[in-house]
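User: Please walk me through the pockets and surface of this model. I want the reasoning behind each label.

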Amino acid sequence: MSPETDTFIIVFLTGLAVMGLSRILDHIWAKSLRHPGLYLFMSAPGVIVHECAHIIGCLVTGAKIKKVILLSKDGGMVSYGTPAIPVLGNVIISSAPLFVLPLVLAGVTWIFGTYAGCTFPSLAFNPDTTASMYSLVPTIGQILYHNLVADFNGWFVLYLYLVTSLVLSFSPSTQDLKNAIIGIILLTSVCVGIILVNIPEMTSVFLIILGLVGTGLMIGLMFELIALFVSLPLIFLYWSTS
């Protein structure tokens, strides 16, 4: 396979992994925290950012926002009209959390590292190779060890709460996917077409876009793995009561 094909497949599979792991973690937290108030507290930051991401998607695509619920016992909701950008408008709005949340997570990490004394190793992701995938686990181990064992930092506990909450809201909802399915199929077809045609200028731009998307997804996957570690007690509880 060509390098372009390899990169596209890695980014595509990373996106599926990010959405799938988010769904699994959200299901486990929702079922394990049986009191609605506890789950609402745990998911609140993530739900609010998730809905704000949809709002940003509406503004970018020119869709009229009809109703916004940032947080309720049933989650959040953004109701909007037809986007000015045909077909792809719904894709952009529905998948906006996948692009906004990694930026928020990176920003939260910078804030806690700069102002709260948390220690984070240098994060260097290359979505062109699977080596970046393998580097995630030791990177996560370093983060947890430095902040919880070597030099315990109470602020890092708050950081873990925010990261876990944001990760729980990563994945598009079922309704989001239904709204965007036609556009997703079209967008995937365009990507495959660019790879097959292989016009150098077009391929170059395509790889730059893939690199940006892939880096964001890699960051999201790393934080999901951190949230998975935080969720281990609930996972054992979930299995024992199932």
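**Pockets and surface**

Analyst: This is a predicted model. The lining of the largest pocket has 30 nonpolar residues, five polar and one charged.

User: What makes the residues nearest the centre of the second largest pocket polar or charged?

Analyst: Glu51, Asp74, Gly75, Gly76 and Ser173 lie nearest its centre, out of 32 lining residues. Asp and Glu count as charged, and Gly is among those that count as polar, as is Ser. Therefore Glu51 and Asp74 are charged, while Gly75, Gly76 and Ser173 are polar. The whole lining of this pocket divides into eleven nonpolar, 15 polar and six charged residues.

User: Which elements build that lining, and which gives the most?

Analyst: α1, α2, β2 (75-80), α3 and α6 each give two or more residues. α2 gives the most, with nine. The space in this second largest pocket is about 690 Å³.

User: How much space lies in the largest pocket, and which residues are closest to its centre?

Analyst: About 990 Å³. Val91, Ser95, Phe99, Leu187 and Val213 are the closest to the centre, among 36 lining residues. At least two lining residues come from each of α1 (3-32), α2, α3, α6 and α7 (200-230).

User: Why is Leu88 called partly exposed?

Analyst: Its relative accessibility is 31%. Buried means under 20% and exposed means over 50%. The value of 31% falls in between, so Leu88 counts as partly exposed. Leu88 is found in helix α3.

User: What makes Leu88 eligible for a surface patch?

Analyst: A patch residue needs over 30% relative accessible area and no salt bridge. Leu88 has 31%, so it passes the area cut-off. Leu88 is indeed listed in a nonpolar surface patch, along with Ile56, Val60, Ile85, Val87, Ile92, Ile181, Ile182, Ile185, Leu186, Leu187 and Val190. Together they have about 980 Å² of accessible area. α2 (36-61), α3 (88-115) and α6 (174-197) each give two or more residues to the patch. The largest share, six residues, comes from α6.

User: Why does Leu103 count as exposed?

Analyst: Leu103 has 65% relative accessibility. The cut-off for exposed is over 50%. The value of 65% clears that cut-off, so Leu103 counts as exposed. Leu103 lies in helix α3.

User: What separates the C-alpha atoms of Leu103 and Gly216?

Analyst: A distance of 7.3 Å. Along the chain, Leu103 and Gly216 are 113 residues apart.

Note on methods
Residues are numbered from 1 along each chain as its sequence is written. This is a predicted model: local features need pLDDT of at least 70, side-chain atom pairs count only at pLDDT 80 or more; totals for chains, interfaces and linings use all residues. Side-chain values use heavy atoms; hydrogens and water are left out. Patches are made of residues with over 30% relative accessible area and no salt bridge: like charges are joined within 9 Å, nonpolar side chains (Val, Leu, Ile, Met, Phe, Trp, Tyr) within 5 Å. Accessible areas come from the Shrake-Rupley method with a 1.4 Å probe; for residues, only the protein chains shown count as cover. A salt bridge is a side-chain nitrogen of Lys or Arg within 4 Å of a carboxyl oxygen of Asp or Glu. Helices (H or I, at least four residues) and strands (E, at least two) are DSSP runs, numbered from the N terminus. Buried means under 20% relative accessible area, exposed over 50%, partly exposed in between (1.4 Å probe, protein chains only). On a 1 Å grid over the protein atoms alone, a cavity is a set of points where a 1.4 Å probe fits but cannot get out, and a pocket is an open set with protein on both sides within 12 Å along at least five of seven lines; lining residues have an atom within 4 Å of a point. Grid points are joined across faces, edges and corners, and a volume is the space filled by probe spheres set on the points.
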